Amino acid sequence: MPRLSEVIAALESLWPAERAESWDAVGTVVGDPDQEVSRVLFAVDPVQEIADEAVKLGADLLVTHHPLYLRGTTTVAASTFKGRVVHTLIKNDVALHVAHTNADTADPGVSDALAGALDLRVVRPLVPDPADPHGRRGLGRVCELEHPLTVRELAPAPRSGCPPPRRASVSPVTRRPSSARSPSAAAPATASSTTCGRPASTRSSPRTCATTRSPRPAPTVPSRCSTRRTGPPNGPGASWPRPSSTRSPTVRDGT
């Protein structure tokens with residue numbers, strides 16, 4: 001039976017840690033290198049539900065895509081959400097290994113799996129890895145459709161081809177059919193800033209960014225503020241008079 005160190009070496013050969021983005025946190029989080037591994041569970045997020053499932057299934061190793069501690073921590077107390085995950089795994093001799101952007105840029109990688117789920121033919125990376133002499137590694141994949149589809153027709157594909165939560169962001173939404181050779185881009189959420197955030201050229205075909213996204217953070221409630229203004233304009237076509245100075249608006253602290 002292989003030891004954890006041997007299994008990790010095999011995973012590192014597929015997804016080397018040095019190919020992860022500079023801001024990422026990949027690799028082994030918990031686990032004894034000498035422990036034996038007979039069953040491995042793969043998951044997207046290292047949440048408590050997944051940790052409990054690993055224990056229930058008798059897994060010796062949990063491999064997740066998203067990191068448990070992306071920005072570091074000063075505590076692993078069981079009173080915290082992530083600390084409880086750590087305690088659950090250690091108490092039950094379950095190791096945790098993370099392969100995030102190093103799995104995104106791999107060949108094949110996460111984007112290839114996404115393209116396969118959407119029945120897209122991979123052409124090349126969307127953001128190539130300059131260190132790859134063959135030009136096959138990188139974030140995202142530029143793909144081709146087998147048959148012409150409008151973006152509206154293509155949009156439901158992630159919901160049917162991907163596991164829950166099956167959320168997708170598609171832009172732009174158009175009724176114009178894409179030809180079978182029109183490029184579509186399949187990319188993980190980590191590549192959304194370099195793909196979906198760019199407006200498509202008016203000369204290029206519509207591009208589809210199929211991503212799995214984390215929930216958006218709650219919006220910040222703005223402070224209440226008021227500005228001094230003159231009375232409403234009189235007469236049709238009148239407008240508010242411009243302020244005589246560029247002084248910042250008065251901010252009230254709510255008292």
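Student: Let's start with arginine 137 and aspartate 132: are they buried or exposed?
Tutor: Keep in mind that this is a predicted model. The cut-off for burial is under 20% relative accessible area. Both arginine 137 and aspartate 132 count as buried.

Student: Which residues make up the network that shares salt-bridge partners here?
Tutor: Arginine 137 and aspartate 132 form a salt bridge, with 3.8 Å between the closest N and O atoms. Through shared partners, the salt bridges join into one network, and its members are Asp129, Asp132 and Arg137.

Student: How many salt bridges turn up in the whole structure?
Tutor: The pair we just met, arginine 137 with aspartate 132, is one of them. Arginine 141 with aspartate 112 is another, at 2.9 Å between the closest N and O atoms. Searching the whole structure gives a total of five.

Student: How far apart in the chain are arginine 141 and aspartate 112?
Tutor: These two form a salt bridge, and both are buried. Arginine 141 sits in strand E6, residues 138-144, while aspartate 112 belongs to helix H5, residues 110-117. The pair links distant parts of the chain, with a separation of 29 residues.

Student: And arginine 121 with glutamate 144, which strands does that pair tie together?
Tutor: Their side chains meet in a salt bridge, 2.4 Å from N to O. The two partners are 23 residues apart in sequence, so the pair ties together separate parts: arginine 121 is in strand E5 and glutamate 144 is in strand E6.

Student: How does arginine 121 count in terms of accessibility?
Tutor: Its partner glutamate 144 has 19% relative accessibility, so glutamate 144 counts as buried. Arginine 121 is at 43%. Because the band between 20% and 50% is the in-between class, arginine 121 counts as partly exposed.

Student: Back to helix H5: why are its buried residues on the same side?
Tutor: The buried residues of H5 are Ser111, Asp112, Leu114 and Ala115. They end up on the same side of H5 because the arc they cover around the axis is only 160°.

Student: Which residues does alanine 117 touch, leaving out those up to four places away in sequence?
Tutor: Alanine 117 is part of helix H5. At 29% relative accessibility, alanine 117 counts as partly exposed. In space, its C-alpha is 7.6 Å from that of proline 158, although the two are 41 residues apart in sequence. With the neighbors in sequence set aside, alanine 117 touches Gly161 and Cys162.

Student: What is phi for aspartate 119?
Tutor: Aspartate 119 comes just after H5, in the loop between H5 and E5. At 60% relative accessibility, this residue counts as exposed. Most residues other than glycine have a negative phi. Aspartate 119 instead has a positive phi, near 60°.

Student: Where is aspartate 93, which has a positive phi as well?
Tutor: Phi of aspartate 93 is near 55°. With 54% relative accessibility, aspartate 93 counts as exposed. Its place is in the loop between H3 and strand E4.

Student: Is the peptide bond from aspartate 107 to proline 108 cis or trans?
Tutor: Proline 108 lies in the loop between helix H4 and H5. Most peptide bonds are trans. This bond, with omega near 0°, is cis.

Student: How are H2 and H3 oriented relative to each other?
Tutor: Helix H2 covers residues 48-57 and helix H3 covers residues 81-91, and their axes are 9 Å apart. They pack at an angle of about 5°, and angles under 35 degrees fall in a single class. H2 and H3 are therefore roughly parallel.

Student: What kinds of residues make up the contact of H2 with H3?
Tutor: From H2 come Gln48, Ala51, Asp52 and Val55. They meet Phe81, Arg84, Val85, Thr88 and Leu89 from H3. By type, the contact divides into five nonpolar, two polar and two charged.

Student: Zooming out, what percentage of the chain's residues are buried?
Tutor: The chain has seven helices and 10 strands. Among contacts between residues at least 6 apart in sequence, 65% join residues at least 24 apart. Of the 255 residues in the chain, the buried ones make up 35%.

Technical notes
Residues numbered from 1 in each chain as written. Predicted model: local features only at pLDDT ≥ 70, side-chain atom pairs only at ≥ 80, totals over all residues. Heavy atoms only, no water. Axes fitted to C-alpha atoms, helices over the stretch in contact; angles between N-to-C directions. Helix = DSSP H or I, 4+ residues; strand = E, 2+ residues; numbered from the N terminus. Parallel < 35°, antiparallel > 145°, perpendicular 65-115°, else oblique. Contact = heavy atoms within 4.5 Å. Nonpolar A, V, L, I, M, F, W, Y, C, P; charged D, E, K, R; others polar. Salt bridge = Lys/Arg side-chain N within 4 Å of Asp/Glu carboxyl O. Buried < 20%, exposed > 50% of the residue type's maximum accessible area, 1.4 Å probe, protein only. Arc of directions from axis to C-beta.
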